[in-house]
Amino acid sequence: HWKKSDIKAQKNGPHRSIYWVKKNNKKLNTGKAGAEGNKNSKWVSSSRYIGDWRENTKEGFGIQIYKNKDKYEGLWANNKRHGQGTYWRNEGGKLKREYTGDWFEDRKHGRGTFFYKNGDRYDGFWVNGKPQGEGRIIYENQDIYEGQWHEGKKSGYGVLVKKNGDHFEGHWVNDKKEGQGSYLYGESKLFVGEWVDDNPKCGIYTEVEDKDAPPRPDKPHFMDDYFMPPLPGIKLENPTEILERAMNKTKKDRARYRAQYIPLDEMFTPQELEDLQHTFDSVAQGESEVNMLSLKTLFSEMGIFPADEVLNDLLKSLGKEVDDDEISFELYARSVALLLEENNMDDNSDANPGEENDSPLKSAHESDINMGDYPQE
């Protein structure tokens with residue numbers, strides 16, 4: 001039997017070609033000779049590999065032709081695409097490049113470029129097969145986004161430049177504008193403020209003068225000036241305070257949504273994440289998760305003492321299942337961010353100007369949580 005013979009064969013070093021075959025269950029009427037075309041052949045070619053082997057596994061450089069005629073050309077380790085390599089997809093008998101870059105155990109991982117079927121192109125970092133970290137995508141319509149990605153979606157700080165001249169710079173969550181951002185409409189109008197679910201919520205909208213724009217044509221000679229009678233001036237009382245309140249309300253209303261989806265490295269500094277991980281590990285004792293009692297212990301060490309009802313409601317808003325008693329590090333860190341953010345907003349709304357905030361929550365975490373604000377210098 002061929003399988004027994006294959007087991008006995010020792011594949012090591014470079015080989016010209018290894019073929020995998022399957023039973024010919026369909027009659028081919030091409031009349032051509034060979035395994036792929038002879039209608040009387042019992043076997044047909046399924047896939048093939050040309051390259052290096054080590055102890056019967058693909059190891060080193062090799063070319064794999066798949067059953068669907070897709071092709072991979074690059075490095076292998078332990079029978080998996082691993083290292084630098086290029087994957088080509090078969091479209092109507094023609095090979096088109098789909099991805100070129102780093103691989104890790106058969107997944108795109110590291111730096112690489114992906115060519116989408118619709119004409120979009122992504123160039124940047126990947127984690128477990130999805131864009132994550134810094135990356136740029138050039139859309140088929142010539143719009144360009146450059147900035148942060150998380151699990152395949154625009155999340156974090158990024159800049160979108162559209163073909164029509166529009167320009168957005170600010171924060172994103174789940175592929176949508178969320179948090180503080182500025183949008184320049186063409187070259188004449190500018191909005192700066194809070195964004196919610198891809199739409200401007202509250203902020204300042206201004207006209208922008210273009211000094212390089214050609215002067216406007218004079219009005220026709222037959223149009224006389226119209227003299228408006230004097231009208232009383234109308235002004236908004238305390239406009240800065242009203243805008244600040246509106247923006248704080250928006251942040252408060254969206255705090256739980258943002259805390260659930262904003263990447264952790266956008267909300268915390270590397271040192272803060274390291275401190276949180278150290279504290280979590282000291283309680284987890286080698287486990288990847290802790291229970292609710294241990295979570296309360298973690299909070300108490302930070303000077304945070306939420307009531308059970310408040311804590312359960314907070315964890316539920318962050319995606320925790322009701323019957324699940326296991327808390328991961330990510331859920332713990334997000335709950336810390338949300339508790340601190342909500343406490344800071346409550347303090348800002350309650351405290352009088354000029355008074356110092358001596359809340360135990362604030363003192364437990366001196367720096368502000370970045371929940372959609374511009375990166376701090």
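1. Where does helix 2 bend, and by about how many degrees? In this predicted model, the bend falls at Ala255 and amounts to about 55°. Helix 2 comprises 23 residues, and the distance from its first C-alpha to its last is 32 Å, close to the 33 Å expected at 1.5 Å a residue.

2. The residue at the bend, Ala255, also belongs to the buried set of helix 2. The other buried residues of this helix are Met247, Thr250, Lys251, Arg254, Arg258 and Ala259. An α-helix has 3.6 residues a turn, so residues three or four places apart point the same way.

3. The largest nonpolar core contains 33 residues, and within this core Leu295 and Tyr332 touch the most other members. At least two residues each are supplied by helix 2 (239-261), helix 3 (264-267), helix 4 (270-284), helix 5 (292-301), helix 6 (308-317) and helix 7 (329-350). The most comes from helix 7, which gives nine residues.

4. Leu295 merits separate inspection. With neighbours within four places in sequence left aside, Leu295 is in contact with Val290, Leu311, Leu315, Ile327 and Tyr332. Another core, of 19 residues, lies apart from the one described above; Tyr72, Tyr99, Trp103 and Trp149 are among its members.

5. Strand 10 (residues 144-150) has five buried residues out of seven, so this strand is largely enclosed by the rest of the structure. Strand 10 pairs in the antiparallel sense with strand 9 (residues 130-138) over six bridges, and with strand 11 (residues 153-161), also in the antiparallel sense, over six bridges.

6. Individual bridge partners help to fix the register on each side. Gln148 in strand 10 stands opposite Glu134, while Glu146 has Val159 of strand 11 as its bridge partner.

7. Both connections of strand 10 to these partners are hairpins. Five residues separate strand 9 from strand 10, and Gln142 in that turn has a positive phi of about 80°. Two residues separate strand 10 from strand 11, where Glu151 in the turn has a positive phi of about 50°.

8. For the chain as a whole, there are eight helices and 17 strands. Of the 377 residues, 36% are buried. The accessible surface comes to about 24,400 Å², with 50% of it belonging to carbon and sulfur atoms. Among contacts between residues at least 6 apart in sequence, 32% join residues at least 24 apart.

Definitions and conventions:
Residues numbered from 1 in each chain as written. Predicted model: local features only at pLDDT ≥ 70, side-chain atom pairs only at ≥ 80, totals over all residues. Heavy atoms only, no water. Core = buried A, V, L, I, M, F, W, Y, C linked by side-chain atoms within 4.5 Å. Buried < 20%, exposed > 50% of the residue type's maximum accessible area, 1.4 Å probe, protein only. Helix = DSSP H or I, 4+ residues; strand = E, 2+ residues; numbered from the N terminus. Contact = heavy atoms within 4.5 Å. Expected span 1.5 Å × (residues − 1). Bend = angle between axes of the 7 residues up to and from the residue. Pairing = 2+ DSSP bridges. Areas by Shrake-Rupley, 256 points an atom, 1.4 Å probe, with all protein chains shown as cover.
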